[in-house]
Amino acid sequence: MSNVPENTVYGGPKAQSPNQRVTLSNLRQKHKKGEPITVVTAYDYPSAVHLDMAGIDVCLVGNSAAIVVHGYDTTLPITLDEMLVHCRAVSRGAKRPLLVGDLPFGSYESSSTQGVDTVVRILKEGGMDGIKLEGASPSRISAAKAIVEAGIAVMGHVGLTPQAISVLGGFKPQGKNVSSAIKIVETALALQEAGCFAVVLECVPAPVAAAVTSALKIPTIGIGAGPFCSGQVLVYHDLLRMLQHPHHAKVTPKFCKQYAQVGDVINKALSEYKSKVTSGSFPGPAHTPYKISSTAVDNFSNELQNLGLIEAASAAAEAAKKIEKSESHDKGQPNK
């Protein structure tokens, strides 16, 4: 049974963590001490609460929501307004992690001014502490610099950059030859020079990630980049194996370790729920908590009859008898 009072339908939110919000200073201190930084990509209030309780350092509200939540095959379709919905939900649930919002495709490519305007919305309307942008082109570097100069924390992203799949030829690992590996190092250095506080390295060989991490003075956050980065990031749904269907199977990356089989539990619970509802065993007395006295039922039935609702009056009276009988039966059962 719920511990929510009978006269209350829903319980209010509780403080999820007594700790203060993680700041860039905290991340710099961890990086200086060589302590790994934990990052998880999440998209809604419930997952944000779990991250909060687990003590995760950074919550990234990723544009991968396009794939994981909205069911697209790429990250390109998601809009700024849709990202803002995800950002707001996460900001209400995660009180401890540093919150970083992804810039969606089409929201910062035209000019640095467009980029700054977009980021202002993500901070003001989305409740984020900073943003992440993808890219290696000079225009992306310029956008990162302009955003930093506007007083906003920026996380860079190199290697496999999903917004550039039309140029990269799909979701393919990067840095597998010398020229590509050197470009990754140079781009990461350029993002550091632009003022980024960290750089995500996605789907690059471990030696390349190690070289970037050594070359930079800011943290590197790896995703499919091996163990030599300053921290790691995985998607909430992926690491919990929450989804089990063809769409998710084809987009779950091979580098993702699954720390739970939550999808199995969800499927089992949903099947059991369907079975219980179909059989009529749910809801039983234990989950029918709101009471009305027998006198009130009688008066209610009389009023219904006066309104000409004879069948409704009979239904109310019969329901009251069935509930009373079920409760009496349950009280007579031995404790399990």
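In this predicted model, C203 lies in the loop between strand 6 and helix 9. Its phi is positive, about 55 degrees, although C203 is not a glycine. Most residues other than glycine have a negative phi. C203 counts as buried because its relative accessibility is 14%, and the cut-off for buried is under 20%.

The loop that holds C203 follows on from strand 6, so that strand is a convenient place to continue. Strand 6 covers residues 198-202, and 5 of its 5 residues are buried. A198, V200 and E202 point one way from the strand, while V199 and L201 point the other way. Strand 6 has a partner on either side. With strand 5 (residues 153-159) it runs parallel, and 5 bridges join the two; H157 stands opposite V200 in strand 6. With strand 7 the pairing is also in the parallel sense, over 4 bridges. Here L201 has G222 as its bridge partner, and E202 stands opposite I223.

How does the chain get from strand 6 to strand 7? It passes through helix 9 (residues 206-215), and this β-α-β crossover is right-handed.

Strand 7 spans residues 220-223. Both of its faces are covered: T220 and G222 lie on one side, I221 and I223 on the other, and all of them are buried. Strand 7 pairs in turn with strand 8 (residues 231-235), in the parallel sense and over 2 bridges. The bridge partner of I221 in strand 8 is G231, and G222 stands opposite Q232 in strand 8. G222 therefore appears in two pairings, since L201 of strand 6 is its bridge partner and Q232 of strand 8 stands opposite it.

These pairings belong to a wider arrangement. A closed barrel of 8 strands runs in the order 1-2-3-4-5-6-7-8, with parallel pairing. From one strand to the next the twist averages 25 degrees. Helix 4 (residues 80-93) packs on this sheet, where it touches strand 2 (58-61) and strand 3 (98-102). The direction of helix 4 makes about 155 degrees with that of strand 2.

The chain as a whole has 14 helices and 8 strands. Of its 336 residues, 40% are buried. Among contacts with a separation of 6 or more, 58% are between residues 24 or more positions apart.

One residue in a helix illustrates contacts of this kind. I141 lies in helix 6 (residues 138-149). With a relative accessible area of 16%, I141 is buried, because that value is under the 20% cut-off. Leaving aside residues up to four places away in sequence, I141 touches A136, T187, A190, L191 and A194. I141 and Q192 are 51 residues apart in sequence, and their C-alpha atoms are 9.6 Å apart in space.

Further along the chain, R241 also has a positive phi without being a glycine, at about 50 degrees. R241 lies in the loop between helix 10 (236-239) and helix 11 (246-251). Is R241 buried or partly exposed? With a relative accessible area of 29%, R241 is partly exposed, whereas C203 is buried.

Another backbone feature is found in the loop between helix 12 (262-279) and helix 13, which is where P283 is placed. The peptide bond from F282 to P283 is cis, with omega near 0 degrees. Most peptide bonds are trans.

Helix 13 itself runs over residues 294-306. At 1.5 Å a residue, its 13 residues should span 18 Å, and the end C-alpha atoms are 18 Å apart, so the two values agree. The buried residues of helix 13 are V297, S301 and L304. On which side of the helix do they lie? They cover an arc of only 60 degrees around the axis, which puts them on the same side of helix 13. An α-helix has 3.6 residues a turn, so residues three or four places apart point the same way. Just after helix 13, G308 takes a positive phi of about 85 degrees.

Methods:
Residues numbered from 1 in each chain as written. Predicted model: local features only at pLDDT ≥ 70, side-chain atom pairs only at ≥ 80, totals over all residues. Heavy atoms only, no water. Expected span 1.5 Å × (residues − 1). Buried < 20%, exposed > 50% of the residue type's maximum accessible area, 1.4 Å probe, protein only. Arc of directions from axis to C-beta. Axes fitted to C-alpha atoms, helices over the stretch in contact; angles between N-to-C directions. Contact = heavy atoms within 4.5 Å. Right-handed = clockwise from strand over helix to strand, strands pointing away.
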